[in-house]
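Student: Hi! I have a new structure to look at and could use a guide. Can we go through it together?

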Amino acid sequence: MDIRHRPAYHFCPPRNWLNDPNGMIHWKGTYHLFYQYAPFSAVNGVKYWGHAASRDLAHWEHRPIALSPTPGGPDRDGIWSGCTVDWDGLPIAFYTGVFPEQQCIAVGDDTLNTWIKYSANPVIGAPPEGLAVTGFRDPCVWREQDAWYLVLGSGIEGGNGMILLYRSEDLLHWEYLHPLYVGESVETGRIFECPNFFAVDGRHVLITSPIPLSRAIYFSGDYREHRFTPGRWGEVDAGGALYAPQYMIDAQGRRLLIGWLWEERPAEAYGAAGWSGAMSLPRVLSLDSEGRLCTAVAPEVNALREGVLCQASATLDDAILPLPAAACDQSEIHARFRVEGAQQVGVEVLRSPDGAEVTRVAYDVATGRLLCDRTHASLNPETHRDVRSDTLTLGDDGLLDLRIYVDRSIVETFANERVALTSRVYPERGDSTGVAVFANGGKASLVELTVWRMGVCCP
């Protein structure tokens, strides 16, 4: 198995294909991550639920496959995405069996290693009558005071994405109510996949991954009389690599999010490597006063730090400052800048000595956008090489706070605990490990910088 670009501290499958996180739950002091897994191929295949567990959100152990297709059953062609809930001390997994798409459940033991499928599956066997839908999958379930509720990702034939809402008293018998939300614009996609619906900071948030947009988006707004009215929407992560994220609520009451980081290179490359896909670092979600979704890496990730490689501060005047001691392809970089007269300021990572390969994380003052520039990230022309960006408004102090997690083929950036950009990059050269800070078109102050070498997440 080729491990050159295989992440070290972002969770990956033991081998072969991984996609959507599923069934995430904080159960009796342990975080459980299930995921779409094709155990026999690195280039997709019939889906199972893989399983990993962690006590600290930083270090993960591989567990046995949790759910496998049952020959002749409603999930005979695959165990697709879903969730896990606590039903009075019983862990209940909801998932979509295919083909056709129908909703099934299974009951787990205390370890969540062993699952027994409900003998009368499916619990929801077909879309509502009279609705011409383009999808019917990926259940998300929660408890309100009066009952259980479930949403499914869907779309209207010839129209936009749609979220279907169901209600149940016992998790077994489900009544269709109505659409929770129907997309109002082609901008938000034709089919809503992998919905997440939850309350945070006094509002409700709907996260979904629309087809054909190939990205995860969120809506925030009001939830009344079992209908959702969004006030704003945006991208969960504009870096290009994150899709199908899922949230869970832990014992501290935090809304934690993990997403699938897909490959941004040809299938032939990851097929030959023998593995595909990784998970993002766990993120803590919040909303600002205007309803924007804010993300910050969970502080538990600090447990992966193995030692300080470099510390620095500097005044930069239209200059780039290499930091030789920081060179590493498995690191965390925390840099705080005071943006003064510069037009752009930021950090270069995975940089070759001559700059032929480099990924640039920059704040552009004129546009007020955070950029991940990977136009020169790899000498391999078959990898994705572009500029990804999202809006970032600095505070009155003019400080830019960057946390950049470099993990071989992953550059995962968090800015001011608000904006996230995650991209996949595939440097060809063995010396493309350098780090530099820069300011273009004027002055900026590097207030402080610390670079840590990071360990591995799976022993």
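Tutor: Happy to. Rings of Phe, Tyr and Trp (its six-membered ring) count as a pair if their centres lie within 6.5 Å; planes under 30 degrees apart are called stacked, and those over 60 are called edge-to-face. Keep in mind that this is a predicted model.

Student: Okay, how many aromatic pairs does that rule give?

Tutor: The count comes to 26 aromatic pairs. One of them is formed by Phe94 and Trp174, with 6.0 Å centre to centre and 85° between the planes, which is edge-to-face.

Student: Where do Phe94 and Trp174 sit in the chain?

Tutor: In distant parts of the chain, 80 residues apart. Phe94 is in strand E6 (residues 90–97), while Trp174 is in the loop between strand E11 (161–168) and strand E12 (175–182).

Student: And are Phe94 and Trp174 buried or exposed?

Tutor: Both Phe94 and Trp174 are buried. For a stacked pair, look at Tyr243 and Trp262: their centres are 5.0 Å apart, with 15° between the planes.

Student: What does the pair of Tyr243 and Trp262 tie together?

Tutor: Tyr243 lies in strand E17 (residues 242–249) and Trp262 in the loop between strand E18 (255–261) and helix H1 (267–273), so their pairing ties together parts that are 19 residues apart in sequence.

Student: Why does Tyr243 count as buried?

Tutor: Because its relative accessibility is 6%, and buried means under 20%. Trp262 is buried too, with a relative accessible area of 16%.

Student: Which residues form an aromatic cluster?

Tutor: Trp142, Tyr149, Tyr181, Phe192, Phe197, Phe219, Tyr223, Phe228 and Trp233 form one aromatic cluster.

Student: Nice. Which ring does the charged end of Arg265 sit over?

Tutor: The ring of Trp275, at 5.2 Å from its centre. You can also find Arg305 over the face of Trp452, 3.6 Å from the ring centre.

Student: Let's switch to salt bridges. How many are there in the whole structure?

Tutor: A search of the whole structure finds 29 salt bridges. Try the one between Arg137 and Glu101, where the closest N and O atoms are 2.8 Å apart.

Student: What parts does the pair of Arg137 and Glu101 tie together?

Tutor: Arg137 lies in strand E9 (residues 133–143) and Glu101 in the loop between E6 and strand E7 (102–108), so the pair ties together parts that are 36 residues apart in sequence.

Student: Are Arg137 and Glu101 buried or exposed?

Tutor: Arg137 counts as buried at 8% relative accessibility, and Glu101 counts as buried at 16%.

Student: What about Asp146, which residue does it form a salt bridge with?

Tutor: Asp146 forms a salt bridge with Arg167, and the closest N and O atoms are 3.8 Å apart. Asp146 lies in the loop between E9 and strand E10 (148–156) and Arg167 in strand E11, so this pair ties together parts that are 21 residues apart in sequence. Asp146 counts as partly exposed at 37% relative accessibility, and Arg167 is partly exposed with a relative accessible area of 21%.

Student: Got another one for me?

Tutor: Sure, Arg292 and Glu290: their side chains meet in a salt bridge at 2.6 Å, N to O. Arg292 is partly exposed, with a relative accessible area of 29%, and Glu290 counts as partly exposed at 46% relative accessibility.

Student: Which residues do shared partners join into one network?

Tutor: Glu264, Arg374, Asp386 and Arg388, joined by salt bridges that share partners.

Student: Now pockets! What volume does the largest pocket have?

Tutor: About 670 Å³. The largest pocket is lined by 37 residues, and Thr84, Val85, Val141, Tyr247 and Ile249 lie nearest its centre.

Student: Which strands supply at least two residues of the lining of the largest pocket?

Tutor: Strand E1 (16–27), strand E5 (79–87), E9, strand E13 (191–200) and E17 each do. By class, the lining of the largest pocket divides into 22 nonpolar, 8 polar and 7 charged residues.

Student: And the second largest pocket, what is its volume?

Tutor: The second largest pocket has a volume of about 340 Å³. It is lined by 19 residues, and the closest to its centre are Asn19, Asp20, Lys47, Tyr243 and Trp260.

Student: Which element gives the most to the lining of the second largest pocket?

Tutor: E1 gives the most, with 4 residues. The lining of the second largest pocket has 8 nonpolar, 5 polar and 6 charged residues.

Terms used
Residues are numbered from 1 along each chain as its sequence is written. This is a predicted model: local features need pLDDT of at least 70, side-chain atom pairs count only at pLDDT 80 or more; totals for chains, interfaces and linings use all residues. Side-chain values use heavy atoms; hydrogens and water are left out. Buried means under 20% relative accessible area, exposed over 50%, partly exposed in between (1.4 Å probe, protein chains only). A charge sits over a ring if NZ of Lys or CZ of Arg is within 6 Å of the ring centre and within 35 degrees of the ring normal. A salt bridge is a side-chain nitrogen of Lys or Arg within 4 Å of a carboxyl oxygen of Asp or Glu. On a 1 Å grid over the protein atoms alone, a cavity is a set of points where a 1.4 Å probe fits but cannot get out, and a pocket is an open set with protein on both sides within 12 Å along at least five of seven lines; lining residues have an atom within 4 Å of a point. Grid points are joined across faces, edges and corners, and a volume is the space filled by probe spheres set on the points. Ala, Val, Leu, Ile, Met, Phe, Trp, Tyr, Cys and Pro count as nonpolar, Asp, Glu, Lys and Arg as charged, and the others, Gly among them, as polar.
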